[in-house]
Amino acid sequence: MEDVKSVATLLESTSSKIQQLQRAFAELESHRAVTLNLKWKQIEDHFHGLEKSLKRRFTELEDQEKEFEVKTAQSRQILEKRQAAVIAKEEASLESLQEKRDAAVAAIANALNKRRNGITEFDSILENKPPDDIRLSDSDVKALSNPQLAKLCEKNDAQGLHKFISDNRKNLSSIKEEIPIALKAAANPGGLVLDSLSGFYVSSDEGKKDANLLGQRRTCIMLMECLSILLTNLGEKSASKVISKDVKERARVIADEWKPKLDDLDVDASNGNSLEAHAFLQLVATFGIDSDFAQENLSKLIPMVCRRRQTAELCRFLGLSDKIPGVIDVLVNSGRHIDAVNLAFAFELTEQFSPVSILKSYLTEARRVPSAIKSANLSPTAQNDVSERELCALKAVIKCIEDHKLEDNYPPGPLQKRILQLEKAKADKKRATEVAKPQPKRPRANGIVTRNTNIAADKTNFYGRMTDNRYAPPTQYMYDNRTYGYPGPVETHIPQYMGTPAYNMAPNHGHYFATGYQYQAPYLH
């Protein structure tokens, strides 16, 4: 503030300084020996202009200082409010913690009193009945369109449950909605689902390609999903009874058996549609044993199941959302750009990973010719492979654009034109290949096989087409293989069968005289 006052004082003394300068200028002008070009009016205007500019700048600085003081006051108020809110939350947390401590102390004291009275915890558990939400009520039974599901669950018949689902796959959607209700009829729903997993893996490698095995694996995954739905609808106390310690221990044993088998998966793993990896993640999520496995190891399985519909929900349930950016990088680096875009949309990471940039990079990779092919001459087969790869990539990108409504950011028009160009080039190559193939042979009337030519004979001509070299002298070709006889033309003055000639007639050179010269015989009707 002292600096501001001193500046204001200096600005106020400007007028007196100008007057002193005017007197000095007048005195100088009176003693001048030569005429000066400057006039006092010019000097006075110059200094008055400087004075106004300084005053205007000084006023602006004062306004900025006042604005800064107002903002500082507002920020202090906001900080004070936040500090008060934090203090209030801390006090509320302390009060809640104190209440929990008091409740825990009271529970411990109550347990000690029961212990002294001879009532053990095991006896109290036996006396407690299961909650009503686990029981299968009459309304649940009426809601079932497949009451046999409840009977199979009540009998704890895992194999029968598998068979019923397999036999009724046409009604799979309705069955999936009713299984969570039917599981309430089981004495141990968690144990029943674990029993159904016994046939997930087979000893022989050929079983991996068996359609029945694939159906059985899908059924196992569906049963675990249905158990998760049941647990979601139950309360915390009831859910803890469905997934008891014994059930969790059995689930851990199965997970430990399955985990090493994930290291050697079939080709579905590279396509993001692995049933084995999906079943393992679903097992870990449903039975709550994710703490037994490192999140880093679980996140490595996501690329194997990224095309499965339940992947996003599984990752969120297992707490793997923060690992998704790394998974997207892995997918892009491995050439699975479409899966990366789908995963980015599923977890709302499109700002961090631009879908348009990823799709354009995918097309660039698809158009790139491999280095092994570049080094050698590009054969027609290699050209077809490159074109087919680009064509598939274009169609996949257009479908991705339509699925995620990216038409405004990435218009599909140029891509569709490129597809038409590639398909037209493919069709032209196919037609050229078919024309270049040799024509099939056809038999003559006299039994000699001749090759069909591409030149059609004149239909109006009574005689057959005459060759240009019909008067050519005999060549060496006519004298080869002389020991063979050929059937002659059907004439009234020539025998039906000719003996061994002194020369060999070419099968497709028409008729010849004894001298070897060719003549044209009319067709006989």
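Me: Is E99 buried or exposed?

Reply: Relative accessible area sorts residues into three classes: buried is under 20%, exposed is over 50%, and partly exposed is in between (1.4 Å probe, protein chains only). E99 has a relative accessible area of 56%, so E99 is exposed. E99 sits in helix α3, residues 40-116; helices here are DSSP runs of H or I with at least four residues, numbered from the N terminus. This is a predicted model, in which local features need pLDDT of at least 70 and side-chain atom pairs count only at pLDDT 80 or more, while totals for chains, interfaces and linings use all residues. Residues are numbered from 1 along each chain as its sequence is written, and side-chain values use heavy atoms, with hydrogens and water left out.

Me: Which residues gather with E99 in a patch of negative charge?

Reply: A patch takes residues with over 30% relative accessible area and no salt bridge, joining like charges within 9 Å and nonpolar side chains (Val, Leu, Ile, Met, Phe, Trp, Tyr) within 5 Å. Asp and Glu count as negative, Lys and Arg as positive, and His and the chain ends are not counted. Each charge is placed at NZ of Lys, CZ of Arg, CG of Asp or CD of Glu. Here E90, E91, E95 and D102 join E99 in the negative surface patch.

Me: Which residues make the nonpolar surface patch?

Reply: L21, F47 and L50 make it, with an area of about 230 Å², computed by the Shrake-Rupley method with a 1.4 Å probe, where for residues only the protein chains shown count as cover. L21 belongs to helix α2, residues 14-30, and is partly exposed at 34% relative accessibility.

Me: How many salt bridges are there?

Reply: A salt bridge needs a side-chain nitrogen of Lys or Arg within 4 Å of a carboxyl oxygen of Asp or Glu. The count by this rule is 20. One of them pairs R217 with E276, whose closest N and O atoms are 2.9 Å apart. R217 is in helix α10 (residues 211-233) and E276 in helix α13 (residues 275-286), so this pair ties together parts that are 59 residues apart in sequence. R217 is buried at 2%, and E276 is buried at 5%.

Me: Which residue does R367 pair with in a salt bridge?

Reply: The partner is E390, with 2.9 Å between the closest N and O atoms. Because R367 is in helix α19 (residues 355-367) and E390 in helix α21, the bridge ties together parts 23 residues apart in sequence. R367 is partly exposed at 38%, whereas E390 is buried at 5%. D339 and R336 also form a salt bridge, at 3.2 Å, and both are buried. A network of salt bridges links E249, R252 and D292.

Me: What span should helix α21 have?

Reply: The expected span of a helix is 1.5 Å times one less than its number of residues. For the 24 residues of α21 (residues 380-403) that gives 34 Å, and the end C-alpha atoms are 35 Å apart, which agrees. An α-helix has 3.6 residues a turn, so residues three or four places apart point the same way. The buried residues of α21 include A382, V386, E390, L394, V397 and I401.

Me: Which residue with a positive phi follows α21?

Reply: K405, with phi near 55 degrees, a positive value in a residue other than glycine. K405 is in the loop between α21 and α22 (413-436) and is exposed at 63%. N156, also not a glycine, has a positive phi of about 60 degrees. N156 is in the loop between α6 (147-154) and α7 (158-167) and is partly exposed at 38%.

Conventions:
Helices (H or I, at least four residues) and strands (E, at least two) are DSSP runs, numbered from the N terminus.
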